[in-house]
Amino acid sequence: MSKFSDLGNDLYTGARSFDFVGRRKVWFGVASLMLVLAIVLPILRGGYNFGIEFRGGSEFRVAGVSSQSQQIAIDAVHSVVPDTEPLVSNVGTDSIRVQTKQLTDLKSEDVRVALAKAYKVESSSVASSFIGANWGADVTGKALNGLIVFIILAALLMALYFRTLKMSLAAVLALLHDLVITAGVYGALGFEVTPAAVIGFLTILGYSLYDTVVVFDKIRENTFEVEFSEKVTFKQQVNLAINQTLVRSINTSIVAVLPVASILFIGATLLGAGTLRDIALALFIGIIVGTYSTLFIAAPAYSAFREGEAKYRKAEQKVLAKA
Amino acid sequence: MSESAVTKGARKRLTWLGVLIIGLVAIIGLGTATNAGASFAPKLALDLQGGTQIILAPVVQAGTKVTEQQLTQAVAIIRQRVDASGVSEAQINTQGNNNIVVSIPGTPDENTLRLIRSSAKLEFRPVLETSQGVPAASAGTSATPSASPTAASSKATASAKPSASASATPAVAGVDAATQKFFDSLDCSKPFRAAGQVDDPTLPVATCDTNGYSKYVLGPVEVEGTDVADANAGTVTTSTGASTNTWAVNLKFTANGTTKFANTTGHLFPLKDPQNRFAITLDGYVITAPTLQAVITGGTAQITGNFDKNTSKALADQLKYGSLPIGFEVQSQENISATLGTEQLQSGLLAGAIGLLLVIIYSFFQYRGLAIVTVGSLVVAAIITYLMIALLSWRQGYHLSLSGVAGLIVAIGITADSFIVYFERVRDELRDGRSLGASVESGWKRAIRTILVSDGVSLLAAIVLYALTVGNVRGFAFTLGLTTLIDLAVVILFTHPMLELLAKTKFFSSGHPWSGFDSKALGATSYVGRGAFRVSGAVPAGKAAKASKEANKRQTLAERKAAENAASVSKSEKSN
C-alpha cells in the first residue's frame with residue numbers, strides 16, 4: 001500500500017516517470033501488430049461465430065433437469081429431425097439450451113415433447129423460441145448507426161471543450177483501436193457474437209472515450225501556455241500528465257473491471273451462456289484495452305499531432321538550446 | 001471562504017439530497033397508498049420474470065414502407081386482440097420504426113399466439129339477421145336506447161327490431177340450421193370466437209359487434225378490406241356546400257371495389273330492414289352495420305350515425321388501416337421460463353453484490369478512511385437509482401431487463417471513478433502542501449470540470465444509443481444515462497459536502513495514517529497544526545502551480561522557473 005502511494009507521489013512530482021510519449025514508436029508498433037492480428041486471426045479462424053439471433057433458428061430451453069448431459073438433447077432432437085446438428089449448451093445449474101436450424105411449428109412442438117421426455121421433465125418446463133435470421137442484424141445495424149453518430153458527436157463535443165480537433169482525432173483513433181481489438185478477440189477466440197455482446201461492445205465506446213477525456217483534461221491543464229516555457233517541452237508536459245493521472249487510471253480501471261469480472265465469473269460459473277455473460281465478456285476486454293489505449297495510444301498520438309506545430313517546435317528548440 | 005460558510009454550504013447540499021430522496025419515497029409511497037399503480041418493486045422485463053416475447057416485422061409490398069401511423073394502428077389492433085383474449089399486463093410497443101414487440105408474461109396459449117400473428121382482416125358482409133347482443137329478460141320489448149349507442153346507421157338500430165330478438169326467429173333465406181342455432185344461443189357478453197379464428201368468406205357467419213351490444217348473422221363476404229382505397233372522417237356537407245355539425249366517415253373504393261360495392265348495394269337496397277344493411281367486420285367482429293340509403297355506384301360512400309369527431313376518426317382509421325395489405329411475420333418468438341428469469345435476476349444481483357463488495361474492499365485498501373465516503377456515495381447512488389427505476393416503471397412503464405441490470409452493475413465502476421478523480425485531485429493538492437480544507441476546495445474545482453466533461457461523453461453515448469437503437473440496447477442505454485445523471489447528483493450533493501465536513505474532523509484534518517489523507521504518505525511534510533501548513537523546503541513551491549491552468553495564468557516568472565525545475569526532474573529520470 002505504502003509503496004503504491006509512494007509511486008503516486010513520485011509520479012506526481014515527476015521523481016519517477018514512465019516514458020509514454022517518447023517511446024511511442026514502440027507502442028504504435030505494438031498497436032499496429034495487434035490490429036493486424038485482430039483482423040487476420042478471425043479470418044484465419046473462419047470468420048465470426050454469430051449467435052442464433054444472427055443465424056436464425058429454433059431454440060429450446062429445458063429447465064429443471066437432473067442431468068445436464070448434452071448427448072440426451074442431441075439424441076432427442078435427432079429422433080425428430082435427423083438431418084440437423086443441434087448446438088447444446090448448459091445454462092445455469094439445471095438448464096439446457098438447445099439450438100437447431102429453423103423448424104416448422106409442428107416439428108418444434110415435437111422436439112419440445114421429445115426433449116421433455118428425454119430429460120424426464122414436464123413438457124411445460126421446455127420453452128421453445130424461434131428467432132428470425134434478420135433480427136440480430138436489425139439490432140446490430142441500428143447499433144452501428146448509433147456508433148457512427150456517437151463518434152461524430154463526441155468528437156465535436158471534445159473539440160469544443162478542448163478547443164482542438166487534434167484531441168478528438170487522437171481519442172477517436174484510440175477508440176477505433178479498442179473496438180477493432182475487442183472485435184478481434186471475439187473473432188480470434190470464437191466467442192459467440194450475440195446482441196448482448198453488441199451491447200457490451202457499444203459500452204466500450206462510452207468507457208474508452210470517458211477514460212481518454214479524464215487524461216486529456218489533465219494534459220490540457222499541463223500544456224496550457226507551455227509554448228512560453230523555456231524549461232519544459234510540450235512532449236514532456238503531456239508525458240507528465242499521463243504519469244500524474246496514472247494512479248487514477250489504474251484505480252479506475254480496477255474499480256470498473258471488478259464488477260464486470262464478478263458478472264463474468266457468476267455468468268461463466270452459475271449462468272452459463274446468456275445476456276449477462278456476453279455483455280460482461282465484451283466489457284472486460286474493452287475496459288482493459290480502453291485503459292491501455294488511453295495511455296499508450298491516445299495521449300502519445302495527441303502529442304505526435306501537436307508537437308510539430310510551429311509554436312511548440314520553436315519553444316522546444318529554446319528548451320533544448322538551454323539544456 | 002470562511003470555515004462556517006463551507007460547512008453551511010455542505011449542510012445545505014446534503015439537505016437537498018435528503019429532500020430529493022424523501023421526495024422520491026413520498027411520491028412512490030403516495031402512488032402505492034392511493035392504488036395509483038405505483039410500487040416500490042420495479043417492474044421486471046420478460047427476461048427476468050419469464051414470459052413470451054414476439055417480435056413482428058411488417059410484410060409490405062416491395063418498394064413501399066410502413067408509416068408510423070400504420071404501425072401505431074397495428075399496435076392498437078393487436079392490443080385490442082390481446083386484451084380481448086384475457087391476457088393481462090401484455091406490453092405492445094413499436095420497436096424502431098419498423099417492428100412491433102409483444103411481450104406477454106407467463107406462457108400464452110396457442111390461440112393467443114395465433115391471434116397476435118394473424119393480420120387484421122376487414123370484410124364487408126350483408127346483414128341477414130340481427131338482435132340484441134345479450135339475451136336480455138326484456139327481449140321482445142321496445143328498444144332501449146342505450147343498447148346500441150354506437151350503431152352507425154342513421155336509421156334503424158339493432159335493438160329497435162323487437163321481432164328479430166324473439167327467440168323463435170323464422171328461418172331466413174341463406175342461413176343454415178347450424179348457424180341459426182349458434183346465433184340463437186349466442187351471448188355477446190361471453191367469449192364465443194376462438195382467438196385468431198378465420199371464417200370461410202363464402203359461408204354465412206354469426207357474430208357480435210365489437211362492444212357486444214348486438215349480434216348478427218352475416219352473409220358471405222361481398223367486398224374485402226383491400227377494396228377500400230381510403231377512408232377519412234369529416235363533417236357532412238349539404239347539397240349547397242354548407243358544412244353541418246354532423247360527423248361522418250367517408251369511404252372511397254378502388255376500381256375493383258367500386259364494382260363490387262355497387263353490386264352489393266344494388267341487391268341489398270330494395271330489401272327490408274335488417275337485410276338492407278351491410279356489416280363491416282374487423283377480425284370477425286362487426287365494427288359498424290349501416291343501413292343503405294341508396295344504391296352506391298360512384299365508388300364513394302358516406303357512413304353517418306351518432307358520430308362525434310373522435311368516434312368517426314376511430315372508425316375511419318379502422319377502415320383505412322384495417323384494409324391495408326400489411327401483414328406481419330414473426331421475426332422472433334422467445335419463451336423465457338419464469339424460473340430461468342428468476343435465476344438470472346438472482347445471479348445478476350449476486351454479481352452486483354460481489355462487484356460492490358470488491359469495489360469497497362479495493363477503495364478501503366486505496367483510500368483508507370475515505371472509503372467511508374466512497375461506500376456512502378455508492379449506497380446513496382444505489383438508493384436513488386432504485387427509487388428512480390421504481391418511479392419510472394410506474395410513470396413511464398419502464399421494465400427492468402437483464403441488460404438494464406448489466407448497465408447498473410457497470411455503472412458501479414463509472415460512478416466510483418468520479419470519486420477517484422476527485423480524491424486523487426485532493427491528494428495532488430495535499431502534495432502541493434495545502435491544508436486539507438483548502439485541498440478539498442481547490443481539488444473539487446478542478447475535479448468537477450473533469451467529471452462534468454467525462455460524464456458528458458458518457459451521457460452523450462447513452463442518449464445517442466437510446467435514440468438510435470432498438471430493443472435490449474435501448475434498455476442498456478437507458479440505465480447508463482440514468483446512472484450517469486445520478487452519479488453527477490451524488491458527487492455534487494453527497495461526496496463533495498461529505499468530504500468538506502469530514503475535512504473538519506480531527507481524524508482527517510490531522511492527516512491520520514488511516515484517513516487516506518496522510519500528508520506524510522503523500523510526500524508533504526512539516527505539518528504544524530490545523531489550518532497552518534508550512535511548506536517544507538524540500539517541496540518546490542512552484543509545484544503547486546504547475547498542475548493548475550488557473551494558477552498558471554497568474555504565475556510569476558520566478559514561479560514558472562521553479563515549475564520548470566520540477567518538471568526537468570521528470571525528464572532526467574524518464575527512462576525509468
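This report walks through a predicted model with chains A and B, from overall make-up to a few local details.

## The two chains

Let's start with chain A. Its 323 residues include 56% that count as buried, and its secondary structure comes to 12 helices and six strands. Take the contacts in chain A with a separation of 6 or more: 78% of them join residues 24 or more positions apart.

Chain B has 576 residues, and 49% of them count as buried. You'll find 17 helices and 13 strands here. Of the chain B contacts with a separation of 6 or more, 72% link residues 24 or more positions apart.

## How far to trust it

On the scores for the model, ipTM comes out at 0.80 and pTM at 0.67. For chain B, the mean pLDDT is 74, with 73% of the residues reaching 70 or more.

That confidence isn't spread evenly. Helix H10 (residues 371-395) of chain B has the highest mean, 89, while helix H5 (residues 162-165) of chain B has the lowest, 34. A stretch to watch is residues 137-170 of chain B, where the pLDDT is below 50; the model still gives this stretch 60 contacts beyond near neighbours in sequence. Residues 525-556 of chain B are also below 50 in pLDDT, and that stretch has 54 contacts beyond near neighbours in sequence.

## Nonpolar cores

The largest nonpolar core holds 168 residues, and Leu115(A) and Ala171(A) are the members that touch the most others in it. Setting aside residues up to four places away in sequence, what does Leu115(A) touch? The list is Phe60(A), Val62(A), Ala73(A), Ala76(A), Val98(A) and Val126(A). Another core, of 38 residues, lies apart from the largest one; among its residues are Ala206(B), Leu251(B), Phe261(B) and Ala301(B).

## Helix H7 of chain B

Helix H7 of chain B runs over residues 255-268. With 14 residues at 1.5 Å a residue, the helix should span 20 Å, and its end C-alpha atoms are indeed 20 Å apart, so the two figures agree.

Its buried residues are Gly257(B), Thr258(B), Phe261(B), Thr264(B) and Thr265(B). Looking down the axis of H7(B), you'd see these buried residues fall within an arc of 135°, which means they line one face of the helix. What do they pack against in chain B? Their partners are S4, strand S7 (223-224), strand S8 (228-237), strand S9 (243-253) and strand S10 (278-282). Phe261(B), one of the buried residues of H7(B), also turns up in the 38-residue core.

## The S8-S9 hairpin

Two of the strands that H7(B) packs against, S8(B) and S9(B), also pair with each other, in the antiparallel sense and over eight bridges. For a concrete pair to click on, try Asp230(B), whose bridge partner in S9(B) is Lys252(B). Five residues sit between the strands of this hairpin, and Gly241(B) takes a positive phi near 95° there.

## Leu128 in strand S4

S4 is another strand on the packing list of H7(B). This strand covers residues 122-132 of chain B and includes Leu128(B). Is Leu128(B) buried or exposed? Leu128(B) counts as buried, because 23 C-beta neighbours lie inside 10 Å and the cut-off is 20 or more.

Leu128(B) also shows how the fold brings distant parts of the sequence together in space: Asp273(B) is 145 residues away in sequence, yet the C-alpha to C-alpha distance between the two is 9.1 Å.

How values were computed
Residues are numbered from 1 along each chain as its sequence is written. Chains are lettered from A and ligands numbered from 1 in the order in which they are written. This is a predicted model: local features need pLDDT of at least 70, side-chain atom pairs count only at pLDDT 80 or more; totals for chains, interfaces and linings use all residues. Helices (H or I, at least four residues) and strands (E, at least two) are DSSP runs, numbered from the N terminus. A residue is buried if 20 or more other C-beta atoms lie within 10 Å of its own, exposed if 12 or fewer, and partly exposed in between; C-beta atoms are placed from the backbone. Two residues are in contact if their C-beta atoms, placed from the backbone, lie within 7 Å. A nonpolar core is a set of buried Ala, Val, Leu, Ile, Met, Phe, Trp, Tyr and Cys residues joined through C-beta atoms within 7 Å. The expected span of a helix is 1.5 Å times one less than its number of residues. The arc is that of the directions from the helix axis to the C-beta atoms. Two strands pair if DSSP finds at least two bridges between them. pLDDT is the predictor's confidence in each residue, from 0 to 100.
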